[in-house]
Every structure is written in C-alpha cells, then in structure tokens.
Amino acid sequence: MGILGPDPFGEILDDTLRGRSEQGRGFRIVRAERLSELPLCQLVYIGYTEASQRRQALAELRTKPVLTVGDAPEFLTEGGVIGFIVDERVGMNINLDQARAVSLTIQTKMLEVSSGVLFNGALRRMR
C-alpha cells in the first residue's frame, strides 16, 4: 500500500494493519512524496491537495492495475478509482469505468454501499 504526498493517516494506518494479512499476504505501507519514489503497489492513496500533482500521478497510473484512492472532490473525474467522501461519516464513490480499464474487479458489496458509481461516464447515485 502506497501513500503518495501528504499522509493524513499517520500511525493509525500502521497500527490498524500491523500483523494483519489478506489472502495470506501481509500489508506493507510505503510513503513517498513523488510517484517515482514509490515502488509498485496494489493500492495507492493519493494525498496531493494540488490538483496538477494529483492529475499527473493519476495519468501515470491510469494504465496500471493499481487501485487508486483519494478524497479530493474531483478525484473520480480525474481518473481515480475510489473517492472517499469525508463528512460526519465516511462514504465513497467508485469509478467503475477506470477500474474496468485497468482490469480491477470491484466487489458487488462495495458498489452497494457506495454513494455513487461512475459508469459509462455518468455518476449514478446509489443511496
């Protein structure tokens, strides 16, 4: 798991994932300021607040099978896969078009609990 740019999680993410595994594989968290410093990751949280940095990183990752995650309001339209919505509760929107473009499978359950899904270029509200 990579965190690109400012890290909003701090030690919380490390503490949460320490000792845990998924499908027999442990988690490793790598932080970097630039994409060129980040090793190949399956999931990258893009924390850039500057839109041009975010768009550049997403453009470089657009053809790679990487689950890109962020919380900028325009994250999905910039090409991210999962955009978090942080209010009183945390929600998410999913860019199914981009996920499919890089051969990522999004579980039906994730689609069902998302606030919206970007599909065929249009954001459809789910709840």
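This dialogue explains how to read several features of a predicted model.

Biologist: Let us begin with the strands. Which strand is joined to strand 1, and by how many bridges?

Modeller: Strand 1, residues 2-4, is joined to strand 5, residues 43-46, by three bridges, and the two run parallel. Within this pair, L4 stands opposite I46.

Biologist: Which strand runs parallel to strand 5 and is joined to it by three bridges, besides the one already named?

Modeller: That is strand 6, which covers residues 67-70. In this pairing Y45 of strand 5 faces V69 of strand 6. Between these two strands the chain passes through helix 2, residues 51-61, and the resulting β-α-β crossover is right-handed.

Biologist: How should one read the sides of a helix?

Modeller: An α-helix has 3.6 residues a turn, so residues three or four places apart point the same way. In this structure, the buried residues of helix 2 are R54, A57, L58 and L61. Viewed down the helix axis, these buried residues fall within an arc of 95 degrees, so they line one face of helix 2.

Biologist: Against which strands do the buried residues of helix 2 pack?

Modeller: They pack against strand 1, strand 5 and strand 6. The strands discussed above and the helix thus belong in one picture, which the reader may trace in the structure.

Biologist: Let us take R54 by itself. Is R54 buried or exposed?

Modeller: A residue counts as buried when its relative accessible area is under 20%. R54, which lies in helix 2, has a relative accessibility of 2% and is therefore buried. Leaving aside neighbours within four places in sequence, R54 is in contact with I46, Y48, T49, A72, E74, F75 and E78.

Biologist: How far apart are R54 and E78 in sequence and in space?

Modeller: They are 24 residues apart in sequence, and their C-alpha atoms are 8.1 Å apart in space. E78 is placed in the loop between strand 6 and strand 7, residues 82-86. With a relative accessibility of 9%, E78 also counts as buried. Setting aside residues up to four places away in sequence, E78 touches A51, R54, R55, L58 and R62.

Biologist: How does one look for empty space inside a model?

Modeller: Rolling a probe the size of a water molecule over the atoms shows where empty space is left. Here the structure holds one cavity of 30 Å³ or more. About 30 Å³ of space lies in the largest cavity.

Biologist: Which residues line the largest cavity?

Modeller: The lining consists of L58, L61, R62, K64, V66, T68, G79, V81, Q98 and V102. Among the buried residues of helix 2 are L58 and L61, and both of these appear in the cavity lining.

Biologist: What should a student make of backbone angles?

Modeller: Most residues other than glycine have a negative phi, and most peptide bonds are trans. Q23 is not a glycine, yet its phi is positive, at about 50 degrees. N120 is likewise a residue other than glycine, and its phi is positive, near 55 degrees.

Biologist: Where do Q23 and N120 lie?

Modeller: Q23 is in the loop between strand 2 (21-22) and strand 3 (25-26). N120 is in the loop between strand 9 (116-119) and strand 10 (122-125).

Biologist: What are the relative accessible areas of Q23 and N120?

Modeller: Q23 has a relative accessible area of 74% and is exposed. N120, with a relative accessible area of 60%, is exposed as well.

How values were computed:
Residues numbered from 1 in each chain as written. Predicted model: local features only at pLDDT ≥ 70, side-chain atom pairs only at ≥ 80, totals over all residues. Heavy atoms only, no water. Pairing = 2+ DSSP bridges. Helix = DSSP H or I, 4+ residues; strand = E, 2+ residues; numbered from the N terminus. Right-handed = clockwise from strand over helix to strand, strands pointing away. Buried < 20%, exposed > 50% of the residue type's maximum accessible area, 1.4 Å probe, protein only. Arc of directions from axis to C-beta. Contact = heavy atoms within 4.5 Å. 1 Å grid on protein atoms, 1.4 Å probe; cavity = no way out; pocket = protein on both sides within 12 Å on 5 of 7 lines; lining within 4 Å. Points joined across faces, edges and corners; volume = space filled by probe spheres on them.
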